[in-house]
Every structure is written in structure tokens, then in C-alpha cells.
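Welcome! Take a moment to look over the sequence and the model, then work through the exercises below at your own pace.

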Amino acid sequence: SDDARFWEFRRFLFECGSRPLWSGYARGFAFRRHFEERLRALTLQCLTHEVPADEPIIVHGQTGTGKTVALGALAYETAKSGHHPVLFIERKTQRPNYADVDQCCQWLEDHGAPATLVVWDGMVQPSEYDDLQGFLASRGRKVVLVGSCYRLAAHSRNSIEVPDRLTVEESREFGEFLASLGITLHDRLREALERRDSTYLVALYRLLPPARVR
């Protein structure tokens, strides 16, 4: 029902800042920002290249700008395509065990995977992603690693910055996206988007009326 879908959308917004809610991606609840086109294109280029990139792809930006949602969407859509397997590592205080990641990637390669996409939403320093990439490369793994971190002062060819504000075009598309879910906020949405607040996903969650059913 419309009410159940509305509640699920609120749940997706509440949870997607810390970990992916895969059912929400399947239902089309993830708003696609423009930077994601470059992220997808760069990731696909690295996955289909005969020799995968020797450095990780870093998605960086302020808190609440949509990095986790974008990484979840990248993982979901890549896996859904069926061309490359995906290993998604959620954000936790404990670092992933490199040997476990290597064993998983080796198993996938042994079963025909041309390359594996490893998405680590760790919000750690780029050097930690470099360490994991170097370890997997030394083991001969064909891996494309995508990670997240806070805004970097210096950019590299494999870093993608997430803008802290929606562009005019994104704002228009965001309104259309909400309307497609049966949500119309009119002036309240416009005022929220015009604020100099990078956490627009949190602002949206607070703007939505209480869920009517569960």
C-alpha cells in the first residue's frame, strides 16, 4: 500500500546513513546525485580493464552528503548487473581482516569472476585503503576497491568529491523524485534545500510527517 511504502521510505532514510538497506535500493528509494555518474563510469572502467587500477577509488566529502547511499547504490547495481561480484564492507570500529577479504576474492576468481568490486564504507584515511589494495595486489587478486572518507584537501585522479549542496538541477530532480513517491513538501522542501546545511538527508527525514503504519 502507499502507506506501507511511505513507512519503508522513512526507514530507508533512517538506516542508510550507517549501513545499506538493500530492500530500499530495490524499491528505488535512493536518490541519485550527479557525482554518482562519474563514480559508476570510473568503477566500470576499472572493472573491465585487463589490469585493474593499482590504487583505490576514494569518495570523499562532508558528513550527510550521500556517500554511504551512493556506495550502497554502486554495490547494488553492480551486483544486479551480474557481470562482477561485489563484496560490501560496512562501517565498523573493527577493521576488516585482510586475509578474509583475500580468501573471498580468491574463491570468486576460482569460480570465474573476471574481477571483484570491493566497496568498503570505512570513512578512514586513504592510506588504509591503499594498504588493503596493496595487500590484495600482492596476492594476485583482481580487485577494484572503492572507499569513503571525509573531505580531502588534495585530490587524485581516482578521488571523487561529493558536493555538500545540491545543484539547481539536482534540487529540481529531488523534488520530482519525492513526488514520484507520493511526497509533496512544497515550500518546506524548498526552504530546506536553500539552507546552508550539508545534511540534507537528515533534514528531509525530519521534514517528513510521522509514519502512519508499520
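Four short exercises follow, each with a worked solution.

This is a predicted model, in which local features need pLDDT of at least 70, side-chain atom pairs count only at pLDDT 80 or more, and totals for chains, interfaces and linings use all residues. Residues are numbered from 1 along each chain as its sequence is written, and side-chain values use heavy atoms, with hydrogens and water left out.

**Exercise 1. The overall plan**

Task: Find how many helices and strands there are in the chain, and in what order the elements run.

Solution:
- Start with the terms: helices (H or I, at least four residues) and strands (E, at least two) are DSSP runs, numbered from the N terminus.
- Count them: the chain has nine helices and five strands.
- Read from the N terminus: the order is α-α-α-β-α-β-α-β-α-β-β-α-α-α.

**Exercise 2. Strands side by side**

Task: Work out which strands pair with β1 (57-60), and in what sense.

Solution:
- Two strands pair if DSSP finds at least two bridges between them.
- With β4 (143-149), β1 forms four bridges in the parallel sense; here isoleucine 57 stands opposite valine 146.
- With β5 (residues 159-161), β1 shares three bridges, and these strands also run parallel. Histidine 60 has glutamate 161 of β5 as its bridge partner.
- Now look at the directions of the side chains: Ile57 and Val59 point one way from β1, while Ile58 and His60 point the other way, and all are buried (under 20% relative accessible area, with exposed over 50% and partly exposed in between; 1.4 Å probe, protein chains only).
- In a regular strand the side chains alternate between the two faces of the sheet.

**Exercise 3. The nonpolar core**

Task: Find which elements give two or more residues to the largest nonpolar core.

Solution:
- A nonpolar core is a set of buried Ala, Val, Leu, Ile, Met, Phe, Trp, Tyr and Cys residues joined through side-chain atoms within 4.5 Å.
- The largest one has 19 residues, and Leu39, Ile57, Val59, Leu71, Leu117 and Val146 have the most contacts inside it.
- The elements that give two or more residues are α3, β1, α4 (67-81), β3 and β4.
- Helix α3 gives the largest share, five residues.
- A second, separate core has 17 residues, including Phe6, Phe9, Cys16 and Val69.

**Exercise 4. Salt bridges between distant parts**

Task: For glutamate 77 and arginine 40, then for aspartate 102 and arginine 139, decide where each partner lies and whether it is buried or partly exposed.

Solution:
- A salt bridge is a side-chain nitrogen of Lys or Arg within 4 Å of a carboxyl oxygen of Asp or Glu. The structure holds 19 of these salt bridges.
- In the first pair, the closest N and O atoms of glutamate 77 and arginine 40 are 2.7 Å apart. Glutamate 77 is in helix α4 and arginine 40 in helix α3, 37 residues apart.
- Glutamate 77 is partly exposed at 32% relative accessibility, whereas arginine 40 is buried at 16%.
- In the second pair, aspartate 102 and arginine 139 meet at 3.1 Å, N to O. Aspartate 102 lies in helix α5 and arginine 139 in the loop between α6 (126-138) and β4, so this salt bridge ties together parts 37 residues apart in sequence.
- Aspartate 102 is buried, with a relative accessible area of 5%, while arginine 139 is partly exposed at 44%.
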